[in-house]
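Student: I'd like a close look at just one part of this, with everything about it joined up. Could you start from a single detail and work outwards?

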Amino acid sequence: MKTKAVLEQADIKLIAAAAEAEALANNWAVTIAIVDDGGHLLHLQRLDGAAALSAHIAPAKANTAAMGRRESKTYEDIINGGRTSFLSAPYVQGMLEGGVPIVKDGQCIGAVGVSGVKSTEDAQIARAGIAAIGL
């Protein structure tokens, strides 16, 4: 039997703080979502000025990244590449850049999803959060 790392509250707090710091340093009003490896919401923070819709999009991006074990941008690229039938994939809602999986020792242990600015900037914030735990 294999063992697998899991996100603990201390990890979630570090990720959230670093992601928030990255957003604030750039004056970006976003929502930050952190999920476990099953896509279950562990943390949600809507910064001042973030659009209400971002509080729905960020968790969807995180869920997609965790369940698919890859960045949500992958699915956006598939659809933009012409495979529009992928829009019918069950349980996949956040198919926009900004969802980044948290991977330790080759295993997905969760994901961060961000929404509120350009998709590349959303992903930048997510990666900054993940970097705070050394991954």
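Which residue in β4 is the bridge partner of Val100?

Tutor: It's Val112: that residue of β4 is the bridge partner of Val100. Before we work outwards, bear in mind that this is a predicted model, where local features need pLDDT of at least 70 and side-chain atom pairs count only at pLDDT 80 or more, while totals for chains, interfaces and linings use all residues. Residues are numbered from 1 along each chain as its sequence is written, and side-chain values use heavy atoms, with hydrogens and water left out.

Now back to your two valines. Their bridge belongs to the pairing of β3 with β4, which is antiparallel and has six bridges. Strands count as paired if DSSP finds at least two bridges between them. The names are handed out from the N terminus to DSSP runs: strands (E) have at least two residues, and helices (H or I) at least four.

Take one step back and you can see the whole sheet. This is an open sheet of four strands, and if you walk across it you meet β2, then β1, then β4, then β3, with antiparallel pairing. β2 and β3 are the edge strands, each with a single partner, so each has one side left without a neighbour in the sheet. From one strand to the next, the twist averages 15°. Packed on the sheet is helix α2 (residues 54-68), which touches β1, β2, β3 and β4 (contact means heavy atoms within 4.5 Å). The direction of α2 makes about 155° with that of β4. Angles like this run from 0 to 180 degrees between N-to-C directions, and axes are lines fitted to C-alpha atoms, for helices over the stretch in contact.

Let's zoom in on β1, residues 31-36. On one side, β1 runs antiparallel to β4 (residues 107-115), and six bridges join them. On the other side is β2 (residues 41-46), also antiparallel to β1 and joined to it by five bridges. Try following Ile32: in β4 it stands opposite Val114, and in β2 it stands opposite Gln45. Next along the chain, Ala33 has Leu44 as its bridge partner in β2. If you trace the backbone from β1 to β2, you go round a hairpin with four residues between the strands. Gly39 sits in that turn, with a positive phi of about 85°.

So where do the side chains of β1 go? In a regular strand, side chains alternate between the two faces of the sheet. Here, Thr31, Ala33 and Val35 point one way, while Ile32, Ile34 and Asp36 point the other way. Whichever way they point, all of them are buried (under 20% relative accessible area, against over 50% for exposed and partly exposed in between, using a 1.4 Å probe and protein chains only). That's how β1 ends up mostly covered, with six of its six residues buried.

Now look at what leads into this sheet. Asn27 is in the loop between α1 and β1. Asn27 counts as exposed because its relative accessibility is 72%. Its phi is positive, about 55°, although Asn27 is not a glycine. Most residues other than glycine have a negative phi. The loop between α3 and β3 holds another such residue, Tyr91, whose phi is near 65° and positive even though it isn't glycine. At 75% relative accessibility, Tyr91 counts as exposed. If you want a landmark, pick His56: it is 35 residues from Tyr91 along the chain, and their C-alpha atoms are separated by 14 Å.

One last stop: the helix before that first loop. α1 (residues 9-25) packs with α4 (residues 119-131), with an angle of about 140° and the axes 7 Å apart. You can find the meeting place by its residues: Ile15, Ala18, Ala19, Glu22 and Ala23 on the α1 side, and Gln124, Ile125, Ala128, Gly129 and Ile130 on the α4 side. Then go back to Val100 and Val112, where we started, and trace the order β2-β1-β4-β3 once more for yourself.
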